[in-house]
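Please work through the exercises below with the sequence and the structure side by side, trying each task before reading its solution.

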Amino acid sequence: MLFWVIAAILTLGASLAVLLPLAGGSKNASAAGDHDLEVYRDQLAELDRDMARGLIQPMEAEEARAEIARRILRLSNTGHSDDTATQPSRSTRLVATAAVLLVPLVSWGLYGQLGSPDLPSQPLSERLAKNPADSSVDELIARAEAHLAANPSDGRGWDVLAPVYLRMQRYADAVTAYRNAIRLDGDSAARQAGLGEAIANAAGGIVSAEAQAGFEAALKLDPANPKASFYLAMGMAQEGRIAEATAAWQKMLAALPQGSPWRGAVEQALAESAEAPAKGPTAEDIDAASSMSPQDRQAMISTMVAGLDERLRQNPRDEEGWMQLVRSYAVLGKTDQARDALNRGIAVFGADSDQARKFTAFAASLGVTATE
């Protein structure tokens, strides 16, 4: 009811603003004419006083009086014609009045037919209290967020909301939700793998050391967790350890059931890895290094890293190679060489390129930053 009262008041005000000038125009014009006539009368009285005091000659007084008389006659002759010219006729006023009144009547009628004047208001609190089956995804998320704002220690709520954030690509929120769920309700393979996935996606798909720690924690709790296995193999591929990544994916593919949704992702990763040149140590290299002394193993690794560095100087357009080189130097504790490799890789692709941003994020996860 309040809506209709407010609408009626606003409509009445708008209508009067248009109608009043139509009704009051003749009064304004008449008032202006009366004022001019009063001025002329004052001029005649002033002229008589000047002639009585001898300030003006009789001949000049007659000429001035005649001029004022002509102005009074002109005012009398034109006043009526101006009134009729400037004032709308009766029929015009009726048409204008009808048009002004017709606009709100028609708009109200259309709103009554097409609008929803009887629809009750829907404040946020009432919408959040709706049946979940009748709510949209955004409303459900808003309900969960409102609940967690009031109950931040509800680990179950964070556990439910975290994968929803992940699917909506709200990766930073997903990281926070997973961490809260782990802190409040403890570790689980699903939570640790979800945390690792959120961290990796927040970094643009780079499996950083922090993401890797989450996946490794998930595999300790569930050695068959497919998400953790897949992303750990992806991390190997990003480091240039293509042979190891391929072996991990092949092992994973053999263990996956036929209907697993991960089969497609693993098959695609294997196809892409088959097209990438092998840059890391082979399985034979790894077996040989395991039987060496620490000094010999260090020398072997340094030789392979130096060989990779040289290959990148010959073929600098190797995105995965630069990431492997940065990581290799970082693992060896050669921070300056790692930073130099990062700067060289950025220079090859350009500071504003997607590759440069990827290199920077990957190196930051290793504690290496580019030179300004």
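The exercises that follow concern a predicted model, and they go from the whole chain to its cores, its helix pairs and two single residues.

**Exercise 1. Describe the secondary structure of the protein chain, and state what share of its residues counts as buried.**

Solution. Begin with the secondary structure, which comes to 17 helices and zero strands. Next take the 372 residues of the protein chain, of which 29% count as buried. Finally, turn to the contacts in the chain with a separation of 6 or more, where residues 24 or more positions apart account for 51%.

**Exercise 2. Which residues of the largest nonpolar core touch the most other members, and which elements give two or more residues to this core?**

Solution. The largest nonpolar core has 39 residues, and those that touch the most other members are Phe 215, Phe 230, Trp 249, Met 252 and Val 266. The elements that give two or more residues to this core are helices H5 (137-150), H6 (155-167), H7 (171-185), H8 (189-202), H9 (209-221), H10 (226-238), H11 (242-255) and H12 (262-275). Among these contributions, that of H7 is the most, with seven residues. To see one member in its surroundings, take Trp 249, which, when residues up to four places away in sequence are not counted, touches Phe 230, Ala 233, Met 234, Ala 237, Val 266, Ala 269, Leu 270 and Ser 273. Apart from this core lies another, of 20 residues, including Val 305, Leu 312, Phe 349 and Ala 363. As background, nonpolar side chains in soluble globular proteins tend to be buried together.

**Exercise 3. Classify the packing of H5 against H6, and then that of H6 against H7.**

Solution. Two packed helices are described by the angle between their axes and the distance between the axes.

- For the pair H5 and H6, the axes come within 11 Å and cross at roughly 140°. Angles count as roughly antiparallel over 145 degrees, and H5 and H6 are therefore oblique to each other. Their crossing is left-handed. Ile 141, Ala 144, Glu 145 and Leu 148 in H5 meet Gly 157, Trp 158, Leu 161, Val 164 and Tyr 165 in H6, and the residues of this contact divide into seven nonpolar, one polar and one charged.
- For the pair H6 and H7, the axes are 8 Å apart and the angle is about 155°, which makes H6 roughly antiparallel to H7. H6 passes H7 in a left-handed crossing. The contact is made by residues including Trp 158, Ala 162 and Leu 166 of H6, and Ala 174, Ala 177 and Leu 184 of H7. By class, the contact of H6 with H7 has eleven nonpolar, two polar and four charged residues.

**Exercise 4. Decide whether Asp 309 is buried or exposed, and do likewise for Leu 332.**

Solution. Asp 309 is found in helix H14, which covers residues 294-314. A residue counts as buried under 20% relative accessible area, so Asp 309, with a relative accessible area of 8%, is buried. Leaving aside its neighbours within four places in sequence, Asp 309 is in contact with Leu 325, Tyr 329 and Arg 344.

Leu 332 has its place in the loop between helix H15 (319-331) and helix H16 (335-349). Its relative accessible area is 16%, so Leu 332 is buried. As a last step, compare sequence with space: Leu 332 and Ser 302 are 30 residues apart along the chain, and their C-alpha atoms are separated by 8.0 Å.

Terms used: Residues numbered from 1 in each chain as written. Predicted model: local features only at pLDDT ≥ 70, side-chain atom pairs only at ≥ 80, totals over all residues. Heavy atoms only, no water. Core = buried A, V, L, I, M, F, W, Y, C linked by side-chain atoms within 4.5 Å. Buried < 20%, exposed > 50% of the residue type's maximum accessible area, 1.4 Å probe, protein only. Helix = DSSP H or I, 4+ residues; strand = E, 2+ residues; numbered from the N terminus. Contact = heavy atoms within 4.5 Å. Axes fitted to C-alpha atoms, helices over the stretch in contact; angles between N-to-C directions. Parallel < 35°, antiparallel > 145°, perpendicular 65-115°, else oblique. Left-handed = near helix turned anticlockwise from the far one by under 90°. Nonpolar A, V, L, I, M, F, W, Y, C, P; charged D, E, K, R; others polar.
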